[in-house]
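Here are some short exercises to work through with a structure at your side. Try each task yourself before you read the solution.

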Amino acid sequence: MSVVRDEAVEAFLLALPKVENHLHLDGALSPLTVQRLAERVDGSPLKGLSLDEIKRRVVVSKPREALAEVLAAFDAFYPLLKSAPAVELAAYEAAREAQRQGIMYHELRFAPVLQETENFSAREVLKAVLRGAEHGRKDFGVDFGLIICLLRPFSVISREKNELMCALAIDFAGRGVVGLDVADVGAGDEALSSYSKWLGAGRAAGLGLTAHAGEAPRGRELEDALELGVNRIGHGVQFRNRPELVAEAKRQGVTIEANLTSNVLTGAVKSYKDHPVRAWFDADVKVSLSTDDPGVFGIDLVHEYRLLWKELAFAPRELVKVARAGVDSLSCRRRARRRCSRSSTGARRAPWRRSSYSASSSGAGKASSSLSVGSGGGASPGTIKVAVLMP
Ligand SMILES: [Zn+2]
C-alpha cells in the first residue's frame, strides 16, 4: 500500500470534478454575503457588524444538542432574504462558491414560501433564484438545477402552502426546477407519507424525488421514504441500525445523500468516525456527498471529501466513486429531457446526451478522473481531466 502525500490528495480533492446534490440555498449563505445583504436592509440587527461578529451569529462550529438549535441559527439572517435582489444574490454567490471548489453542477434546494412576503410572492421568489443561478452559470460556468422543498410539519407550513409549492415546482419543471424534496422547519411528526400525493404529482411531471429522512430517530421516516419511491434520501443516519432497510435502499437503487459535518454539528452522530457512511459504502449502497448548509456550518464540499479521506479512510479511488455516485444521482437528466423536448404537445422524445464519468488508475501510480456533464440545452458540456501522481 502506497503512502499518499497530503498535498497530492489535497490537489486531487480540489481538482476532482464534483457535483453537489444536497445544498440549501439559505444555508449556503456565506458570512460575507450575509454582511453584504445586511448593509442593504434598514433596521437589520446585523447591519454595521464586522465579519467576525457576523460569523459568531450565523456560523455553527460546535456540536449542538438538537437539530432545532441549528435551525435557530438561521433566524439571525433569514429576514435578509425577503427580497428579489437578496435571493438572486444568494443563488449567484452559490455558483461563485461552487466554481472555487471545482463543483461543476449543483442542485440548489429551497422552499419559496419561506422568503415570500406580501409584496414578494413564492412565484417571484422562484424566478429570482432562477435569475441568480442563470447569472452564476454564465459567469462561473456552474450548471444547476433547482429542487423545491415541501415542508414539514403542517402546523408550521400549511397544506395549502405545500400545495402551492408543489404546483410551482411542476409549473417550472423543465424550466430550471429538477426535483421535489420534503424537508423540516420545526418540531413535529407529520408523516412523510402525508406528502405522497404531491411527490406522485412531481414524479409524473418528470421531477426527481428526494426526502430528508432518518436524520434523527423519528417514526417511520426511512420506511416511508422507501415506500414513496424517492430517488434519494437526505442524511439517512438512522439506516445504521436498520440493515434490512439498507438492503432495500440498495435494491431500489436509492442514493443516500451523506452530510458528515452537518450530522456531527446537529448531534445526529457523535463523531466523524462514528458516521455510518463507511458502512454504507462498503455495503455497496449508492452514497453521494454534500454539505447541506455550508455557510451555516462554515465548511465546503472539499472539506467533506477531506473528512472521508482523513477520518474515514476512503482511498482516492473510493473518493472518485463517491463523486461519480453524485453524478449518477442527479435529477438533471430528467430536466434535460424535458428541456430538449418541451413542446406544445408535451412529447418527450428528444435524445438526452448522457453524463459520463470515468476514473482509472494505471500501474504507473497515476490516478485520473474526468467528468462531462451535459445539460442538453443549457450550457455546453464541460470536461475536466485530473491527473494526480500517487507516489
Ligand atoms: Zn438538508
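**Exercise 1. Find out how confident the predictor is along the chain.**

Start with the whole chain: this is a predicted model, its mean pLDDT is 84, and 81% of the residues reach 70 or more. Next, look for a weak stretch. Over residues 334-391 the pLDDT stays under 50, and the model has 112 contacts beyond four places in sequence for these residues. Where pLDDT is low, the predicted coordinates should not be read in detail. Keep that in mind when you look at residues 334-391, where pLDDT is under 50.

**Exercise 2. Describe the overall make-up of the protein chain.**

First take the secondary structure: you should find 16 helices and eleven strands. Then turn to burial, where 50% of the 391 residues are buried. Finally, consider contacts with a separation of 6 or more: 71% of them involve residues 24 or more positions apart.

**Exercise 3. Work out the strand order of the eight-stranded sheet and find its edges.**

Step one is the order. The sheet is open, its pairing is parallel, and its strands follow the order β1-β2-β3-β4-β5-β6-β7-β8. Step two is the edges. β1 (18-24) and β8 (286-289) each have a single partner strand, so one side of each has no neighbour in the sheet. Step three is the twist, which averages 25 degrees from one strand to the next.

As a reminder, strands of a sheet pair through backbone hydrogen bonds, either parallel or antiparallel.

**Exercise 4. Trace the pairing around β2, and decide whether this strand is covered.**

Begin with β1, which is joined to β2 by five bridges and runs parallel to it. One pair to look for is H24 with its bridge partner in β2, R109. Now move to the other partner: β2 and strand β3 (residues 143-152) run parallel and share six bridges. Here Y105 stands opposite D143 in β3. As for cover, β2 (residues 103-110) has eight of its eight residues buried.

**Exercise 5. Follow I256 from one strand to the next, then check the faces of β8.**

Strand β6 (residues 232-235) and strand β7 (residues 255-258) are parallel and joined by three bridges. Within this pair, I233 has I256 in β7 as its bridge partner. On the way to β8, four bridges link β7 and β8 in the parallel sense. I256 has V287 as its bridge partner in β8. Now check the two faces of β8: K286 and S288 are buried on one side, while V287 and L289 are buried on the other.

**Exercise 6. Characterise the packing of α2 against α3.**

Take the geometry first. Helix α2 (residues 31-40) and helix α3 (residues 51-58) have axes 9 Å apart, at an angle of about 105 degrees. The two helices are therefore roughly perpendicular to each other. Next come the residues: P31, L32, V34 and Q35 of α2 meet L51, I54, K55 and V58 of α3. Sorted by type, the residues of this contact are six nonpolar, one polar and one charged.

**Exercise 7. Decide whether A38 is buried or exposed, and list what it touches.**

Locate A38 in helix α2. Then count: A38 has 20 C-beta neighbours inside 10 Å, so A38 counts as buried. Leaving out residues up to four places away in sequence, A38 touches S44, L46, K47 and L80. For a final check, compare sequence with space: A38 and L81 are 43 residues apart in sequence, and their C-alpha atoms are 9.7 Å apart.

Methods. Residues numbered from 1 in each chain as written. Predicted model: local features only at pLDDT ≥ 70, side-chain atom pairs only at ≥ 80, totals over all residues. Buried ≥ 20, exposed ≤ 12 C-beta atoms within 10 Å, placed from the backbone. Contact = placed C-beta atoms within 7 Å. Pairing = 2+ DSSP bridges. Axes fitted to C-alpha atoms, helices over the stretch in contact; angles between N-to-C directions. pLDDT = per-residue confidence, 0-100. Parallel < 35°, antiparallel > 145°, perpendicular 65-115°, else oblique. Nonpolar A, V, L, I, M, F, W, Y, C, P; charged D, E, K, R; others polar.
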